[in-house]
Amino acid sequence: PAGAPAGAPPRQLVRPAPGPAPGPPSKRQKIEDTLAALKPESEWLAAHPDAVQVQVQVPSDANRAEWKLQGQTLRFSVRPGESIMALKTLIEGELGMPSKKQKLKEEELNFLKDTCSLAYYNATDGFTVQLLEKTRGGK
């Protein structure tokens, strides 16, 4: 190119590598960050051996009268070492909604896994989850 010293390699235009799009982090990243910030389950259990009060927000669904979904809030005293499936069994006993039809969601942690314990999620008194119906194929 004109103006370059003789024998010098041609200049190449270097573009900066594209960075992350501006704006808030993705929801998945936020959940992963929240889970990463939790204390290990065994450490949590050692520090919090007593039962915790768990609140379950129940939806309203007049089409499912047999499940007693009336928008109420249920409260259970549960040991931190109990699994999410054990909590679902308690809910089933109270509402009649089969545990296999339940999904439990916590605001920051998203959907809770059946095999994980309350200690895994670092649950303390007042731990609040939303009860949702598990559906197949959008039905």
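**Figure 1. Glutamate 66 and the salt-bridge network around arginine 64.** In this predicted model, glutamate 66 has a relative accessible area of 48% and is therefore classed as partly exposed. Its side chain meets that of arginine 64 in a salt bridge, with an N to O distance of 3.8 Å. Arginine 64 is likewise described as partly exposed, its relative accessible area being 26%. The side chain of arginine 64 also forms a salt bridge with that of glutamate 133, where the N to O distance is 2.8 Å. This second pair connects distant parts of the chain, since glutamate 133 belongs to strand 5 whereas arginine 64 sits in the loop between strand 1 and strand 2, 69 residues apart. Glutamate 133 is partly exposed, with a relative accessible area of 22%.

**Figure 2. The salt bridge between lysine 88 and aspartate 114.** The side chains of lysine 88 and aspartate 114 meet in a salt bridge at 2.6 Å, N to O. Here too the pair links distant parts of the chain, with lysine 88 in helix 3 and aspartate 114 in the loop between strand 4 and strand 5, 26 residues apart. The two partners fall into separate burial classes: lysine 88 counts as buried because its relative accessibility is 2%, which is under the 20% limit, while aspartate 114, with a relative accessible area of 25%, is partly exposed. Salt bridges that share partners join Arg64, Glu66 and Glu133 into one network, and a search of the whole structure finds 3 salt bridges.

**Figure 3. Surroundings of aspartate 61 in the loop between strand 1 and strand 2.** Aspartate 61 lies in the loop that runs between strand 1 and strand 2, and a relative accessibility of 21% makes this residue partly exposed. When residues up to four places away in sequence are not counted, aspartate 61 touches Leu69 and Glu133. The C-alpha atom of aspartate 61 is separated by 8.0 Å from that of glycine 71, a residue 10 residues apart from it along the chain.

**Figure 4. Asparagine 122 and its contacts with residues 38, 39 and 44.** Asparagine 122 is located in the loop between strand 4 (110-111) and strand 5 (127-133). Is asparagine 122 buried or exposed? Its relative accessibility of 13% is under the 20% limit, so asparagine 122 counts as buried. The side chain of asparagine 122 reaches the backbone nitrogen of lysine 39 at 2.8 Å. Once neighbours within four places in sequence are left aside, asparagine 122 is in contact with Leu38, Lys39 and Trp44.

**Figure 5. Valine 56 in the largest nonpolar core.** The largest nonpolar core holds 24 residues, of which Val56, Phe127 and Leu131 touch the most other members. At least two residues of this core come from each of strand 1 (52-57), strand 2 (73-78), helix 3 (84-95) and strand 5. Helix 3 gives the most to the core, with 4 residues. In soluble globular proteins, nonpolar side chains tend to be buried together. With residues up to four places away in sequence not counted, valine 56 touches Gln72, Thr73, Leu74, Phe76, Ile91, Val129 and Leu131.

**Figure 6. The open sheet and the pairing of strand 3 with strand 4.** An open sheet is formed by 5 strands in the order 2-1-5-3-4, and the pairing within this sheet is mixed. Strand 2 and strand 4 are the edge strands, each of them pairing on one side only. Strand 3 (residues 102-106) is joined to strand 4 by 2 bridges, and these two strands run antiparallel. Lysine 105 stands opposite phenylalanine 111, which is in strand 4.

**Figure 7. Overview of the whole protein.** The secondary structure comes to 3 helices and 5 strands, which follow the pattern α-α-β-β-α-β-β-β when read along the sequence. Of the 139 residues of the protein, 25% count as buried. The accessible surface comes to about 9700 Å², and carbon and sulfur atoms account for 52% of this area. Among the contacts in the protein with a separation of 6 or more, 64% are between residues 24 or more positions apart.

Methods
Residues numbered from 1 in each chain as written. Predicted model: local features only at pLDDT ≥ 70, side-chain atom pairs only at ≥ 80, totals over all residues. Heavy atoms only, no water. Buried < 20%, exposed > 50% of the residue type's maximum accessible area, 1.4 Å probe, protein only. Polar contact = N/O pair within 3.5 Å; in protein donor to acceptor, adjacent residues only side chain to side chain. Contact = heavy atoms within 4.5 Å. Core = buried A, V, L, I, M, F, W, Y, C linked by side-chain atoms within 4.5 Å. Pairing = 2+ DSSP bridges. Salt bridge = Lys/Arg side-chain N within 4 Å of Asp/Glu carboxyl O. Areas by Shrake-Rupley, 256 points an atom, 1.4 Å probe, with all protein chains shown as cover.
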